[in-house]
Amino acid sequence: MNRCTTTPPLPPPARPRWRAWFVCALLATLLPAAAQAQSAPGAGRSFPQRALRGILTLVSTSEATLNGQPIRLAPGLRLFSPQNALVMAHPLIGRPLRVNYLIEVSTGMLHTVWILTENEAAQPRKGSAAIISNIVTHPNAVSK
């Protein structure tokens with residue numbers, strides 16, 4: 001049996017990769033800051049057109065009252081603070097909050113809530129006296 005007695009060629013010498021590491025480090029520090037950049041002060045948040053205004057009081061982590069009417073909270077409820085950060089519902093139980101909200105169309109549950117700042121609350125928006133359901137239970141009632 002014949003064996004090869006020559007050694008295989010050596011790979012080329014490794015080039016320094018300090019440039020690639022520098023670029024990666026630079027991007028790792030700049031991208032999160034750019035993602036968290038907020039709009040100019042006083043510009044306010046933009047809410048969906050169908051968002052309504054109301055007073056929300058959380059009764060538990062699954063139930064609340066909205067404008068005095070009981071409503072269930074969707075399992076995927078998103079509750080945004082005035083700084084537009086997601087917050088948990090349980091620290092806010094029992095406190096009346098002026099909010100903009102969205103109701104999930106298919107289930108009628110409260111899906112998204114934005115707790116308003118003073119400036120946002122001063123802007124007009126429909127919803128404080130909005131009808132949440134059009135079901136009529138009185139036998140002689142006429143729907144409009």
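Begin by selecting the hairpin of β4 and β5, where 6 residues lie between the strands and Gly 108 takes a positive phi near 80°; strands here are DSSP runs of E with at least two residues, helices are runs of H or I with at least four, and both are numbered from the N terminus. What you see is a predicted model, in which local features need pLDDT of at least 70, side-chain atom pairs count only at pLDDT 80 or more, and totals for chains, interfaces and linings use all residues. Residues are numbered from 1 along each chain as its sequence is written, and side-chain values use heavy atoms, with hydrogens and water left out.

Next, select strand β4 (residues 96-103), where 6 of the 8 residues are buried (under 20% relative accessible area, with exposed over 50% and partly exposed in between, for a 1.4 Å probe and protein chains only). Add strand β5 (residues 110-115), which pairs with β4 in the antiparallel sense over 5 bridges (pairing requires at least two DSSP bridges between two strands), and find Val 99, whose bridge partner in β5 is Ile 115. Then add strand β1 (residues 52-58), which is antiparallel to β4 over 6 bridges, and look for Thr 57, whose bridge partner in β4 is Pro 96.

Now move to helix α1 (residues 18-35) and pick out Val 23, which counts as partly exposed because its relative accessibility is 45%.

Finally, colour the model by pLDDT, the predictor's confidence in each residue from 0 to 100. Among the elements of the protein chain, the lowest mean belongs to α1 (68) and the highest to β5 (95).
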